[in-house]
Amino acid sequence: MFVDKVKIKCKAGDGGDGAVAFRKEKFVPNGGPNGGDGGKGGNIVFVADKNLSNLIDFRYKKVFRAANGENGSGNNKYGKSAEDVIIKVPAGTVIRNAENNNVLADLMNVDDTAVILKGGRGGRGNAKFATPTRQAPRFSEKGVKTKEYEFILELRTLADVGLVGYPNVGKSSLLSIVSNAKPKIANYHFTTLAPNIGVVALNGYSFVMADIPGLITGASEGVGLGHEFLRHIARTRLLIHVVDISGSEGRDPYQDYLDIQQELQSYSKEIADLPQIIALNKCDLLQDKTVIEDFKAKVKDKPIFPISAISNDGVEKLMIEVISELSKLPPKERLEVEEYDIDLKDYTHFEIIKTEDGFEVIGDMVEKLLGNVALDDFRSNAYFQKRVKESGIIEALKKEGLKEGDKIIFGDIEFEYAE
């Protein structure tokens with residue numbers, strides 16, 4: 001089974017909590033705080049592996065979660081950071097954010113690596129909060145919690161040349177005689193149910209060729225197999241459009257040509273504008289060779305090569321032309337990637353929401369402030385209120401009309417404001 005598109009869920013590990021601890025040695029009269037920091041959560045990392053050819057493994061495993069960092073402990077012992085989760089994918093895999101379809105990574109080549117989700121930072125232990133005026137802090141910092149995200153993995157075949165055309169026009173046969181590929185070949189539609197890839201070597205030059213499953217009218221709208229596999233043409237630099245010039249299927253060869261051009265145009269103008277070479281296949285079945293000249297008279301903007309994939313006639317000339325064209329074309333570039341950290345928090349951001357009897361404050365800054373303290377401890381609570389004032393939240397609330405007695409909600413905590 002060939003799988004080239006899947007949706008999975010991933011979550012980086014949470015950071016471990018910092019510890020609250022104090023020195024208790026027998027001969028140390030004024031033992032200070034010595035709570036260690038929590039460990040960092042594991043990352044979610046994707047790696048392009050040379051031993052994989054499609055995404056079938058993800059049909060059976062769709063959820064990936066990294067371990068959390070360990071909590072800190074006394075004697076300034078740091079919690080252990082969690083190991084990363086390494087997810088192996090085939091070269092050519094594109095990773096998208098399922099929520100907005102933004103491209104997060106394009107692992108075009110073997111060993112390409114992308115850290116898609118970063119593990120949560122470990123919280124600081126109470127030793128880090130000691131100051132000359134706060135010598136025995138009884139609070140620590142919680143580790144950063146991470147969220148679960150959905151990603152779409154999409155495989156785009158890595159090939160310099162793509163073979164396109166109606167089903168049963170001889171694409172697989174052509175690929176089999178010019179490369180090391182061993183595609184399944186039979187005289188019925190949709191023999192090719194997945195892209196077949198082969199390496200063509202001629203006159204000291206080599207390139208990768210892919211046989212894309214047959215297109216039919218309406219493929220770009222989801223008819224037949226074409227819609228599912230047109231994405232595999234996206235990385236190719238050159239197309240060979242194979243046409244059954246003999247009309248052995250009862251269709252007009254020129255109309256076949258127009259239909260496929262229309263499908264390519266409907267799917268992507270960029271793909272439709274790729275350089276093309278026309279291969280008029282099954283010439284060995286022709287009784288009247290004038291149909292070749294008639295076709296050439298109608299299609300004057302592309303090089304045309306009459307061939308027979310069965311007898312090998314004209315195939316070498318076609319491959320020489322392919323090599324000549326490829327030598328003029330630049331290598332394919334990676335997809336444009338969104339330059340942002342999907343799990344990055346903005347600890348300067350907060351929003352104020354008016355409620356019936358006061359205000360609610362939300363945002364990453366609030367999460368960080370709440371994560372720093374244990375509100376059931378007097379000193380910790382005082383530290384929290386000090387940080388709220390220093391952050392500018394109270395000033396912003398006053399601009400919104402905050403007055404004595406109003407309730408302020410931070411997460412699950414509710415306060416009554418007093419001057």
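Guide: Two strands are said to pair if DSSP finds at least two bridges between them, and with that in hand we can read this predicted model one feature after another.

Visitor: How many bridges join strand 10 and strand 11, and in which sense do the two strands pair?

Guide: Strands of a sheet pair through backbone hydrogen bonds, in either a parallel or an antiparallel arrangement. Here strand 10 (residues 196–202) and strand 11 are antiparallel, with seven bridges, and one of the opposed pairs is glycine 198 with methionine 209 of strand 11. The two strands form a hairpin with two residues between them, and in that turn asparagine 203 has a positive phi of about 55°.

Visitor: Which strands pair with strand 9 in the parallel sense?

Guide: Strand 9 pairs in parallel with strand 11 (residues 205–211) over three bridges, and valine 161 has methionine 209 as its bridge partner there. Strand 9 also runs parallel to strand 12 (residues 238–244), to which four bridges join it, and in that pairing glycine 162 stands opposite leucine 239.

Visitor: Are the two faces of strand 9 covered or open?

Guide: The general idea is that side chains in a regular strand alternate between the two faces of the sheet. In strand 9 (residues 161–164), Val161 and Leu163 lie on one side while Gly162 and Val164 lie on the other, and since each of these four residues is buried, both faces are covered.

Visitor: What can be said about the burial of helix 1, and against which elements do its buried residues pack?

Guide: Burial is judged by a cut-off, a residue counting as buried under 20% relative accessible area. Six of the eight residues of helix 1 meet it, so this helix is largely enclosed by the rest of the structure. The buried residues are Lys171, Ser172, Ser173, Leu174, Leu175 and Val178, and they pack against strands 9, 10, 11 and 12 as well as against helix 6.

Visitor: At what angle do the axes of helix 1 and helix 6 cross, and which residues make the contact?

Guide: A crossing angle is read against ranges, with 65 to 115 degrees counting as roughly perpendicular. The axes of helix 1 (residues 171–178) and helix 6 (residues 315–326) come within 11 Å and cross at roughly 80°, and the two helices are therefore roughly perpendicular to each other. Helix 1 makes the contact through Leu174, Ile177 and Val178, and helix 6 through Val315, Leu318 and Met319. These contact residues divide into six nonpolar, no polar and no charged.

Visitor: Which residues of the largest nonpolar core touch the most other members?

Guide: A nonpolar core is a set of buried residues of nonpolar kinds joined through side-chain atoms within 4.5 Å. The largest one has 37 residues, and those touching the most other members are Leu174, Phe207, Met209, Ile240, Met319 and Val322. Helix 6 gives the most to this core, contributing six residues. Another core, of 27 residues, lies apart from it and includes Leu55, Phe58, Ala66 and Leu117.

Visitor: With which residues is leucine 174 in contact, once its neighbours within four places in sequence are left aside?

Guide: Leucine 174 is then in contact with Leu163, Val242, Ile307, Ala309, Val315 and Leu318. For the protein chain, among contacts between residues at least 6 apart in sequence, 71% join residues at least 24 apart. Of the 419 residues of the chain, 49% count as buried, and the chain holds nine helices and 18 strands.

Visitor: What is the strand order of the open sheet that includes strand 15, and which strands stand at its edges?

Guide: Four strands form this open sheet in the order 15-16-17-18, with mixed pairing. Strand 15 (351–354) and strand 18 (413–416) stand at the edges with a single partner strand each, so one side of each is left without a neighbour in the sheet. The twist from one strand to the next averages 25°. Strand 17 (residues 407–410) and strand 18 run antiparallel and are joined by four bridges, and isoleucine 409 stands opposite glutamate 414.

Visitor: Where does asparagine 75 lie, and is it buried or exposed?

Guide: Asparagine 75 is placed in the loop between strand 3 (63–65) and strand 4 (85–90), has a positive phi near 60°, and is exposed, with a relative accessible area of 53%. Asparagine 76 lies in the loop between strand 3 and strand 4 and has a positive phi near 55°, but asparagine 76 is partly exposed, at 44% relative accessible area.

Methods. Residues are numbered from 1 along each chain as its sequence is written. This is a predicted model: local features need pLDDT of at least 70, side-chain atom pairs count only at pLDDT 80 or more; totals for chains, interfaces and linings use all residues. Side-chain values use heavy atoms; hydrogens and water are left out. Axes are lines fitted to C-alpha atoms, for helices over the stretch in contact, and angles run from 0 to 180 degrees between N-to-C directions. Angles under 35 degrees count as roughly parallel, over 145 as roughly antiparallel, 65 to 115 as roughly perpendicular and the rest as oblique. Contact means heavy atoms within 4.5 Å. Ala, Val, Leu, Ile, Met, Phe, Trp, Tyr, Cys and Pro count as nonpolar, Asp, Glu, Lys and Arg as charged, and the others, Gly among them, as polar. Buried means under 20% relative accessible area, exposed over 50%, partly exposed in between (1.4 Å probe, protein chains only).
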